[in-house]
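Student: I am new to this structure and would like a close look at one part of it. Could you walk me through a set of charged side chains that pair up, and tell me where they sit?

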Amino acid sequence: VCSMGNSTSRLYSALAKTLSSSAVSQHQDCLEQPDSAQLDPIDPKDLLEECQIVLQKRPPRFQRDFVDLKKNAASNHRPIRVMQWNILAQALGEGKDNFVQCPMEALKWEERKCLILEEILAYKPDILCLQEVDHYFDTFEPLLSRLGYQCTFFPKPWSPCLDVERNNGPDGCALFFLKDRFELINSANIRLTAMKLKTNQVAIAQTLKCYETGRLFCIAVTHLKARTGWERFRSAQGCDLLQNLKSITQGAKIPLIICGDFNAEPTEEVYREFSNSSLNLNSAYKLLSPDGQSEPPYTTWKIRPSGECRHTLDYIWYSQHALNVNSALGLLTEEQIGPNRLPSFNYPSDHLSLVCDFSFNQDPDRLL
């Protein structure tokens, strides 16, 4: 972990033990989280203060408001807050993604990691699902474990980050949940297949038990293949993930939440497969639209040498008869994003974070 500026405190300096690329590479096949139990817990307010010290020369965080979607549905338990976010791998942001309107200064890891942490700390998710994580072992696992999260990482087998000079190891999917709210019942790391061939895309699926309600549910995170021309490939990956999740949830007996960067617009076949699945899934962010049937106009907005890219690619799917969406975090407006788009000095990723509050349906015998 790099020093957090000249104002590094004892809190953060305890974590400032940068792993070399060789050290990280040794972890590629080790999917169990490193042991951070010997590190003392940290107060999220203290860490947020540390981040704000580092970011004092940057513009303040964008204001985003939650939209109430409860529809008078009463709940007798605290909602479960789930956050989905492609945080942009550091190696790709600096080395491959060619954000032509984003100054390289805005991509410095010493500050960008603080923007990412600030966003997470601001929304305080109970469950955090991330893609393009290439600083897991030296940043996110040490910090989030001390904030009370149980942490799991599954790297891509052939991460494009490894092609970038001075990379920090492979990127992959990461899943974090608060240990004081949930018990881990089962965990599966899934390497997605397409046409019976193993691919470079992965998923993590974990069955959790909510201490407060005693209810089981499954949370999954994934990142499907990118780029135009790969639509059938994404469709095959999506089918494979659905088949795995049908088995894990015992044919939808266990409620399910799937977070991911699907790299697919709602017009794609993989989106229709999830919409029409026997798992009876709905996309939470559709509920923000006036008719509850339309996805947001964008979840990523960037400018590359080929032009401006404005797409809806990120989703939070959920078992619509077993779970209720109490609220969802509104998106950034075009005015907030600004003419140079994302990432920027204001915002650390080219993808927007999605955050939803879920509650269990109060009729546990209701059919899924």
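Tutor: Happy to help; what follows is a walk through one network of salt bridges, with a short look at its surroundings afterwards. Please keep in mind that this is a predicted model.

Let's start with the members. Arg78, Asp126, Arg181 and Glu212 are linked in a network of salt bridges. Over the whole structure, a search finds 17 salt bridges, and we can take the ones around Arg181 step by step.

Begin with Asp126 and Arg181. These two form a salt bridge in which the closest N and O atoms are 3.1 Å apart. Along the chain the partners are distant, 55 residues apart. Asp126 belongs to the loop between helix H5 (109-123) and strand S3 (127-133), while Arg181 belongs to the loop between strand S5 (172-178) and strand S6 (182-194). Both Asp126 and Arg181 are buried.

Now turn to the other partner, Glu212. Its side chain meets that of Arg181 in a salt bridge, with 3.5 Å from N to O. Glu212 lies in the loop between strand S7 (197-210) and strand S8 (216-223) and Arg181 in the loop between S5 and S6, so this pair ties together parts that are 31 residues apart in sequence.

How do the two ends of that second pair compare with the cut-offs for burial? Arg181 has a relative accessible area of 4%, and buried means under 20%, so Arg181 counts as buried. Glu212 has 41% relative accessibility, so it counts as partly exposed. Here a buried arginine is paired with a partly exposed glutamate.

For a second example, look at Asp350 and Lys302. Their salt bridge has its closest N and O atoms 2.7 Å apart. This pair also links distant parts of the chain, 48 residues apart: Asp350 is in the loop between helix H9 (334-337) and strand S15 (354-360), and Lys302 is in strand S11 (residues 300-304). Asp350 and Lys302 are both buried.

Finally, a word on empty space inside the model. A search of the whole structure finds three cavities of 30 Å³ or more. The second largest cavity has a volume of about 40 Å³. Its lining consists of Arg61, Phe62, Leu115, Glu118, Glu119, Asn346, Tyr347 and Pro348. By class, four of these lining residues are nonpolar, one is polar and three are charged.

Technical notes: Residues are numbered from 1 along each chain as its sequence is written. This is a predicted model: local features need pLDDT of at least 70, side-chain atom pairs count only at pLDDT 80 or more; totals for chains, interfaces and linings use all residues. Side-chain values use heavy atoms; hydrogens and water are left out. A salt bridge is a side-chain nitrogen of Lys or Arg within 4 Å of a carboxyl oxygen of Asp or Glu. Helices (H or I, at least four residues) and strands (E, at least two) are DSSP runs, numbered from the N terminus. Buried means under 20% relative accessible area, exposed over 50%, partly exposed in between (1.4 Å probe, protein chains only). On a 1 Å grid over the protein atoms alone, a cavity is a set of points where a 1.4 Å probe fits but cannot get out, and a pocket is an open set with protein on both sides within 12 Å along at least five of seven lines; lining residues have an atom within 4 Å of a point. Grid points are joined across faces, edges and corners, and a volume is the space filled by probe spheres set on the points. Ala, Val, Leu, Ile, Met, Phe, Trp, Tyr, Cys and Pro count as nonpolar, Asp, Glu, Lys and Arg as charged, and the others, Gly among them, as polar.
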